[in-house]
Amino acid sequence: MELNNVKDAVMAPAGTLPEHVDVLISGAGPTGLALALDLSRRGVRALVLERQDRLSPGTRGSGIQPRTQEVYEDFGVLDAIRASSARYPRIGSWEDGRMINEYVFVESVEPTPSTPYGAMMMVPQWRNLEIQYARLTELGGTVAFGAALESFTQDADGVEARVVRADGSARTVRAAYLVAADGGRSTVRKALGVTMTGESVTPNPMLLADIRLDGLDQRHWHMWESFNATDFVALLPVPLRDYFSLIAGFADPAAEPDTAPDAVRKLVAERTHLTLDQVGEVLWSSTFRPNAARADRFRVGRVFLAGDAAHVHSPAGGQGLNTSVQDAYNLGWKLGQVLRHGAPESLLDTYEAERLPVAAGILDLSTRLHRTGDMRRGKELHQIDVGYADGPLASERRTGLADGALRAGNRAPDAPCTTPDGTPRRLFEVFQGPHFTLLAVGDVELPAPVGEMIRTCRVGGTDPDLLDAEGHARHAYGEGLFLIRPDGYVAYAADDASGLPDELARYGGALTAPSGR
C-alpha cells in the first residue's frame, strides 16, 4: 500500500459494526495498529475504532529503534519499513547564512550475530501507520474509521462500549477486553479515573510541520541557533520524499504558535537564512508542549492502557513510539494466550508489572536528554537492553552464571545457524510468529509440547534442527533449555526440563511424556 501522502488516503468509513469482538481497541495510531496486527495473527477478533476518517498525517515520531525493528521483523513488515526509510543524516549547523559545522547526531553500532540491527531508522510516522495498516488488512483485521468510543462500562465478563459514528448514529459493541490506545489525552484513561504522575519537561511550546522548500540539501539535518530545547529551529529531510520535517522551539513559555500555513512559512523565513520565496507548501502542522508523565495504573479490570495513553514522553531520544509499539507487543501475546489457549486470566496482570517500570525508566532517560540538550543519540536508546529479568514471568533455574550471561527475562538473542543440509537459518526466523519456542542448545532433554502453541528447536547436540558451526548460538545462550516467549524474551532457562510443566501451565500449555527426542 503506497500513498504519496496520507492526507489523500480517506479510509473506508465504519460500516456495520460487529456486536461482539474479543478485543476492542480505541485509536488507530502506532500502538493500536500494532496490537491489532499482533492479535489478528493469533486468531483473536479485534476491532480498532478511529474517530478520524483516515490515518493520522504528519512525519511526527520518525525514529525506529533497533529493538522495534526486531518487532517489525516478527510482524512481517520490516522489509516495507526499510524500503521507506533512511539513516538519520549528520547535523548541519547554520550561522549567518552558511553551514559552520556538521557532526553525527544519531550514532550507529555495527550489527552482531546476536543483534542484527544497529542503527535507528527514520520513517515518517504516517508511512509507518500505512505499513502497519496494510499488514493488518492482509491478516483480516479491521479498523472502523469515523467511529469513536463515547463511553463504556465493564463487568466480570467483559466491556460494553457505546460507539458513535461520524453521522451521529450509535452502536453498542461488547468485548472481552478494551485497550486504550487513544493518546496522551486518552478519554478512556480519564473515564477510568486513572491519574498521570509526572511533570512538564519544559513549559515552552513546540511547533511541528511538514513543508516543501528550496535551498537546502537532503544530506543534513539543518539547524539554526544552538539546540537548547527551547529556542531553536531544525529542518530534517524526510526519506524518499520531497519535503522537510520542521521542529521549532519557542523561548517564551506563553507563546501560542500559529499553525496556519502562512504563519509557518513566515516563521521559517524569519528564523533561517531562507527567503519566503524558497519556503513552499505546508503539508501538515501541529503544536505541543513537552511533558513526561506515566499513568499510575496500566490495567483496571478488563481495560488496559497502552502507548501514549499510559505514558507521554519528550521527543528527545525517539523513545515514545518505540515504547508504545512494545507495549502492544507485550500485551498482544498475553491476550492471545488467555483468549485462545486457556491461560489463567492472572497472566494479564503481568502486562502492568513488566511495562510500567520500563516506561518509568525510559521517561527518565528522554527527560534527561531533553533538559541537557545532549546532542548524541547512541546505543542506550536502542532498547535492546530492555528486559524483564526482575519481572513475574522470569524463571531462571540455573546457578553459578557468570556476570553478563543471558538470564531469564532478557531479550532472546539472534544467532546465524544452518540447517543440516547447509541452508542458512537465523534463530529469529525460528522465533518468528505467534508461538512460543522451546530451544535446546546442546545435548539437553527436549520434551514434546502438546498442540501448536509451542514449537521446538535443537541447536547442536544429537539429531539437531540447526547447526551452530561458528558457535554464535552457544556463545549467546550457553548450553541449556530455554523457553522463548512470543515477544522474544526468555521466559524459562534451565539445565533440564524438570520445572517446565509448571512453567507452561502459566501460559496454557502442556507437555507429553518427557522425551530425549
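Me: What share of the residues is buried here?
Reply: Buried residues make up 57% of the 517 in the protein. Keep in mind that this is a predicted model.

Me: And the surface, how much area does the protein expose?
Reply: About 20500 Å². Carbon and sulfur atoms supply 47% of that area.

Me: How many helices and strands?
Reply: Eleven helices and 28 strands.

Me: Of the contacts between residues at least 6 apart in sequence, what share joins residues at least 24 apart?
Reply: That share is 71%.

Me: Switching to the inside. How many cavities of 30 Å³ or more does the structure hold?
Reply: Three. The largest has about 130 Å³ of space. It is lined by 13 residues, and Glu70, Asp74, Tyr329, Phe428 and Phe431 are the closest to its centre.

Me: Which helices each supply at least two residues of that lining?
Reply: Helix 2, residues 66–75, and helix 9, residues 427–431. Helix 2 gives the largest share, with four residues.

Me: How does the lining of the largest cavity split by class?
Reply: Six residues are charged, five are nonpolar and two are polar.

Me: What about the second largest cavity, what volume?
Reply: About 40 Å³. Its lining consists of Arg67, Gln326, Tyr329, Asn330, Tyr388, Asp487 and Tyr489.

Me: Which element brings the largest share there?
Reply: Helix 7, residues 320–340, with three residues.

Me: And the classes in that second lining?
Reply: Three nonpolar, two polar and two charged.

Me: Which residue appears in the lining of the second cavity and also among those closest to the centre of the largest?
Reply: Tyr329.

Me: New topic, backbone. What is the phi of Arg60?
Reply: About 45 degrees, so positive, although Arg60 is not a glycine. Most residues other than glycine have a negative phi.

Me: Where does Arg60 sit?
Reply: In the loop between strand 2 (46–50) and strand 3 (63–64). Arg60 counts as partly exposed because its relative accessibility is 37%, between the 20% and 50% cut-offs.

Me: And Asp463, what is its phi?
Reply: Near 55 degrees, a positive value in a residue other than glycine. Asp463 lies in the loop between strand 26 (454–459) and helix 10 (472–477).

Me: Why does Asp463 count as partly exposed?
Reply: Because its relative accessible area is 47%, and exposed would need over 50%.

Technical notes. Residues numbered from 1 in each chain as written. Predicted model: local features only at pLDDT ≥ 70, side-chain atom pairs only at ≥ 80, totals over all residues. Heavy atoms only, no water. Buried < 20%, exposed > 50% of the residue type's maximum accessible area, 1.4 Å probe, protein only. Contact = heavy atoms within 4.5 Å. Areas by Shrake-Rupley, 256 points an atom, 1.4 Å probe, with all protein chains shown as cover. 1 Å grid on protein atoms, 1.4 Å probe; cavity = no way out; pocket = protein on both sides within 12 Å on 5 of 7 lines; lining within 4 Å. Points joined across faces, edges and corners; volume = space filled by probe spheres on them. Nonpolar A, V, L, I, M, F, W, Y, C, P; charged D, E, K, R; others polar.
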